[in-house]
Amino acid sequence: MSTEEPPLSRAERRRSTEKRILDAARRLFGELGYDRATIRSIAKAAKVDPALVMQYFGNKENLFRQVVRLDAAESAPESADPLVTQLMAGLGVKLAGMPAPSLAMLRSMLTHPDMAAEMRETFDRQIKQVSAVVEGEDAELRAALLIMAHLGVVVGKHLLELEPLRDTRPERIVELLDPCFRTLVDPES
């Protein structure tokens, strides 16, 4: 009887490689910020060729968006802990540094109706995804508060450059917000 596992299918290998790239990118964007994390360094950390990173994600901006996006595939946590961990990891990455196009989108959402509509759709989708995990009374409201607190901290640090946020390490901000986010996700805990 053989103990070898059957070889992975092409689709399984692709998902595994994509996950390794995303994990490496999440870590490096979080540690170095957007500007200092390079496609080469991410590829090296993921143990893939840089061309493969570009093949999967197109460019660094798309990779960053994928890393910080709370999408349907990743928003499947069924309990508070994984959800808060995911939200806090995304916040840490965004606080470490955001690309100019992402910051421009945030600026534009307040002055351009088309961008406001696009961002509203994005936030509505995120709120629905989070509220599916958040249980109890006011689940959708608490999910909206989580998403908007996330946004507010990013805006305060990068666009308004509020001194206390600007001068504080992203890890410290995440550490201080973690209990607040946990309470919003599960007020009974």
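User: How are angles between helices sorted into classes?

Analyst: Angles under 35 degrees count as roughly parallel, over 145 as roughly antiparallel, 65 to 115 as roughly perpendicular, and the rest as oblique. Axes are lines fitted to C-alpha atoms, for helices over the stretch in contact, and angles run from 0 to 180 degrees between N-to-C directions. Helices are DSSP runs (H or I, at least four residues), numbered from the N terminus. This is a predicted model: local features need pLDDT of at least 70, side-chain atom pairs count only at pLDDT 80 or more, and totals for chains, interfaces and linings use all residues. Residues are numbered from 1 along each chain as its sequence is written, and side-chain values use heavy atoms, leaving out hydrogens and water.

User: At what angle do helix 5 and helix 10 pack?

Analyst: Helix 5 (residues 80-96) and helix 10 (residues 170-185) pack at about 150°, with axes 9 Å apart. The two are therefore roughly antiparallel.

User: Which residues meet there, helix 5 to helix 10?

Analyst: Contact means heavy atoms within 4.5 Å. Among them, L87, M88 and L91 of helix 5 meet a set in helix 10 that includes I173, L177 and F181.

User: How do helix 1 and helix 3 cross?

Analyst: Axes of helix 1 (residues 10-36) and helix 3 (residues 50-57) come within 11 Å and cross at roughly 100°. That pair is therefore roughly perpendicular. Helix 1 residues including I21 and L22 meet helix 3 residues including L52 and Y56.

User: What follows helix 8?

Analyst: E161 does, with a positive phi near 50°.
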